[in-house]
Amino acid sequence: MSESHLELSGVDIEFPTPKGPFKALDDINLRVDRGEFVSLIGHSGCGKSTVMNIVAGLHQATRGGVILDGREVDQPGPERAVVFQNHSLLPWLTVYQNVELAVKRVFRKTKNRREMREWIDHNLALVQMEHAAHKRPDEISGGMKQRVGIARALAMQPKVLLMDEPFGALDALTRAHLQDSLMDIQADLDNTVIMITHDVDEAVLLSDRIVMMTNGPAATVGEILSIDLPRPRDRLALADDPAYNHYRHEVLTFLYEKQKKVESAPATARPETNQTPPAAPEPARAATGEAGRKARETTA
Amino acid sequence: MNLSLKTPGAIAPVVNLVRGENRREQVDILFRTFGLPLIGLVVFLMIWAGAAAKIETSLGQFPGPAQVWHQAEALYASHVAERDKAEAFYERQEQRIAERLADDPDYEPRIHDYPGKPTFFDQIITSLITVLSGFLIASVIAIPVGIVIGLSNKLYSAFNPIIQILKPVSPLAWLPLVTIVVSAVYVTDEPMFDKSFLVSMITVVLCSLWPTMINTAVGVNTVSSDLLNVSKVLRLGWVTHVIKIVLPSSIPMIFTGLRLSLGIAWMVLIAAEMLAQSPGLGKFVWDEFQNGSSDSLARIMVAVLAIGFIGFLLDRGMLALQRVVSWDKSAVLR
């Protein structure tokens with residue numbers, strides 16, 4: 001493969017703070033193929049969302065960059081639609097109007113009124129929300145809002161669908177239901193998806209590959225795990241599947257042994273985490289100690 | 001209970017009471033919505049009457065509720081009488097012109113205005129027109145400026161100090177400046193507005209700009225960053241961004257500002273009219289004060305109550321408008 005669909009190369013990001021620049025991400029490298037479902041997993045505060053914001057164009061990388069289909073990403077745009085963690089629907093618009101806002105923006109030159117209406121209805125049907133098209137966000141449940149958020153993103157017909165902990169704020173049953181819906185939709189549309197999550201089961205169930213991130217500051221890609229489970233995947237059948245449990249175990253080991261989260265510990269506690277994957281470049285590790293102390297001071 | 005969902009507001013408990021639903025609860029609701037305010041009013045009137053009887057002034061005893069009510073009736077009666085006189089005046093004038101035209105077809109009639117003094121109710125109307133035009137102009141300036149300032153942190157930092165300094169300036173300080181500037185600048189042969197009207201209106205504008213401007217700017221500045229990200233991802237244009245995202249989310253703050261502004265406008269207007277001697281309720285109070293008859297105090301009290309009541313109605317009006325405009329119908333507005 002000569003040119004990949006989406007490529008992050010050498011992405012660093014530094015945020016200015018009163019105590020000097022704070023390096024949140026260090027040398028992130030990742031290639032994503034068309035139609036691939038990639039999860040980013042890591043402890044909270046490790047910069048998963050920052051990676052996604054860089055791909056979305058909401059943040060600019062300090063060094064390195066993102067290339068999507070041969071073009072550099074330098075600003076946000078609808079070809080990289082985002083499903084936000086807290087749905088971010090406009091509360092003064094109905095479900096239909098929320099999707100319409102996106103559709104009008106993306107297809108105003110290519111679709112006429114009737115085609116747009118059909119397209120909006122089609123996308124609402126995809127997430128099974130046609131029945132509530134004329135309700136406002138405060139009249140529907142959290143799971144329904146997230147469905148609409150997904151419909152709005154899908155309706156933009158993005159090259160890459162970015163999902164920032166899309167089901168993080170939902171209860172376990174609703175989450176499972178939405179994960180199944182998402183797998184069905186994904187089987188139909190074969191989108192390229194990057195999903196942020198902190199839920200190990202969710203990551204293994206949905207992904208083709210899981211990108212595990214080291215703890216911040218100066219977080220980077222720790223390990224990448226390919227999930228070779230046949231689709232369609234069934235959560236009940238997989239529960240007793242040795243391969244599935246092996247993958248789960250791999251991720252859990254990474255998160256709770258190799259990258260054990262040390263809450264507000266002194267910098268000396270860091271070496272423990274230094275025996276992380278050989279994949280990660282050595283300089284990144286070295287930077288962790290000092291920058292880490294700085295960061296903890298600023299966040300304290 | 002089903003019915004109470006459909007019948008509007010205050011009537012619901014009465015209807016439910018008649019239907020015999022939940023008697024105790026309905027009586028309780030009625031007592032709270034009508035009984036308690038009534039008791040408060042009666043207590044207030046009693047304290048007023050008691051205190052008034054003890055205050056002896058150079059113009060006689062301080063008026064109690066009874067005298068004030070009497071004067072209110074008298075003011076209304078004189079208003080009706082004045083209207084009748086005015087009608088009669090115009091009728092006579094028309095008659096005379098018609099007779100004159102019959103004699104001499106070349107006669108160009110000149111219609112004279114009725115020369116009588118404006119009544120209390122005329123003054124109220126004048127004051128309302130002045131305050132509403134001032135408030136309208138202030139809002140038309142303040143809201144767009146607030147939006148532009150609120151959208152940019154740099155502009156906000158640049159203009160905030162000026163606004164904060166001009167905001168607390170008393171109308172009485174502006175008034176002399178406005179009077180002199182208006183006399184110098186507004187020079188025409190056929191004035192469309194009275195100078196006194198312009199002076200009080202511009203003073204109202206100068207004082208009621210700031211709360212709306214500040215609140216709009218803050219409302220615009222604090223739009224949720226999630227919604228801003230949605231706007232960025234969709235690459236909405238500036239106009240769509242303002243109309244679809246910024247304005248709806250700042251509606252509550254804008255209305256808070258508008259209500260503060262209207263309250264200030266009304267207070268400022270009365271002071272401005274008093275000092276500028278422009279027609280309106282303020283002038284009515286001042287004239288009565290200068291007049292110093294035995295009825296004057298009671299008449300001023302009528303004006304005081306009218307000013308308060310109109311101020312209250314103006315605020316309720318803004319609240320009603322907010323209910324119409326606001327997207328969040330479930331929000332409790334008070």
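# Exercises on a predicted two-chain model

Of the 300 residues in chain A of this predicted model, 41% count as buried. The exercises below go from confidence to sheets, and then to the core and the contacts between parts.

## Exercise 1: Confidence in chain B

Determine where in chain B confidence is lowest and where it is highest.

**Solution.**

Step 1. Begin with the chain as a whole: chain B averages a pLDDT of 87, and 94% of its residues score at least 70.

Step 2. Turn to the elements, where the mean is lowest in helix H1 (residues 2-6) of chain B, at 43, and highest in H5(B), at 94.

Step 3. Look at the start of the chain, where pLDDT stays under 50 over residues 1-7 of chain B, a stretch for which the model has eight contacts beyond four places in sequence. Where pLDDT is low, the predicted coordinates should not be read in detail.

Step 4. For the complex, the predictor gives an ipTM of 0.78 and a pTM of 0.79.

## Exercise 2: The four-stranded sheet of chain A

Work out in which order the four strands of the open antiparallel sheet in chain A are arranged, and which strands stand at its edges.

**Solution.**

Step 1. The order is E2-E1-E4-E5 (chain A), and the pairing is antiparallel.

Step 2. Strand E2 (22-32) and strand E5 (71-72) of chain A each have a single partner strand, so they stand at the edges and one side of each is left without a neighbour in the sheet.

Step 3. Inside the order, strand E1 (residues 6-15) and strand E4 (residues 63-68) of chain A are joined by five bridges, and one of the paired positions is A:Leu6, whose bridge partner in E4(A) is A:Leu68.

Step 4. Finally add the helix: H1 (residues 48-56) of chain A lies across E1, E2 and E4 of chain A, and runs at about 65° to E2(A).

## Exercise 3: The six-stranded sheet of chain A

Describe the sheet that holds E9(A), and explain why E9(A) is largely enclosed by the rest of the structure.

**Solution.**

Step 1. Six strands form this open sheet in the order E6-E7-E8-E3-E9-E10 (chain A), with mixed pairing. E6 and E10 of chain A stand at the edges with a single partner strand each, so one side of each lacks a neighbour in the sheet. On average, neighbouring strands of this sheet are turned by 20° against each other, direction ignored.

Step 2. Helix H4 (residues 142-155) of chain A packs on the sheet and touches E6 and strand E7 (160-164) of chain A, its direction making about 180° with that of E6(A).

Step 3. Follow E9(A) to its partners. With strand E3 (residues 37-41) of chain A, E9(A) pairs in the parallel sense over four bridges, and A:Ile41 has A:Met212 as its bridge partner. With strand E10 (residues 221-226) of chain A, E9(A) runs antiparallel and is joined by five bridges; among the paired residues are A:Met213 with A:Val221 and A:Ile210 with A:Leu225.

Step 4. Four of the five residues of strand E9 (residues 209-213) of chain A are buried, so the strand is largely enclosed by the rest of the structure.

## Exercise 4: Core, domains and interface

Find which residues have the most contacts inside the largest nonpolar core, and then see how domains and chains touch.

**Solution.**

Step 1. The largest nonpolar core has 137 residues, and those with the most contacts inside it are A:Val55, A:Leu162, A:Ile194, A:Val251, B:Val204 and B:Ala265. H10(B) contributes the largest share of this core, 16 residues.

Step 2. Take A:Val55 as an example: leaving aside neighbours within four places in sequence, A:Val55 is in contact with A:Val66, A:Val73, A:Arg80, A:Val160, A:Leu162 and A:Ile194.

Step 3. Chain A is divided into domain 1 (6-79 + 159-299) and domain 2 (87-157). Ten residues of domain 1 of chain A are in contact with twelve residues of domain 2 of chain A, and the largest share of the domain 1 side, four residues, comes from helix H5 (residues 172-189) of chain A.

Step 4. Between the chains, 16 residues of chain A are in contact with 14 residues of chain B. On the side of chain A that touches chain B, H2(A) gives the most, with three residues.

Terms used: Residues are numbered from 1 along each chain as its sequence is written. Chains are lettered from A and ligands numbered from 1 in the order in which they are written. This is a predicted model: local features need pLDDT of at least 70, side-chain atom pairs count only at pLDDT 80 or more; totals for chains, interfaces and linings use all residues. pLDDT is the predictor's confidence in each residue, from 0 to 100. Helices (H or I, at least four residues) and strands (E, at least two) are DSSP runs, numbered from the N terminus. Two residues are in contact if their C-beta atoms, placed from the backbone, lie within 7 Å. Two strands pair if DSSP finds at least two bridges between them. Axes are lines fitted to C-alpha atoms, for helices over the stretch in contact, and angles run from 0 to 180 degrees between N-to-C directions. A nonpolar core is a set of buried Ala, Val, Leu, Ile, Met, Phe, Trp, Tyr and Cys residues joined through C-beta atoms within 7 Å. A residue is buried if 20 or more other C-beta atoms lie within 10 Å of its own, exposed if 12 or fewer, and partly exposed in between; C-beta atoms are placed from the backbone. Domain bounds come from an automatic or database domain assignment.
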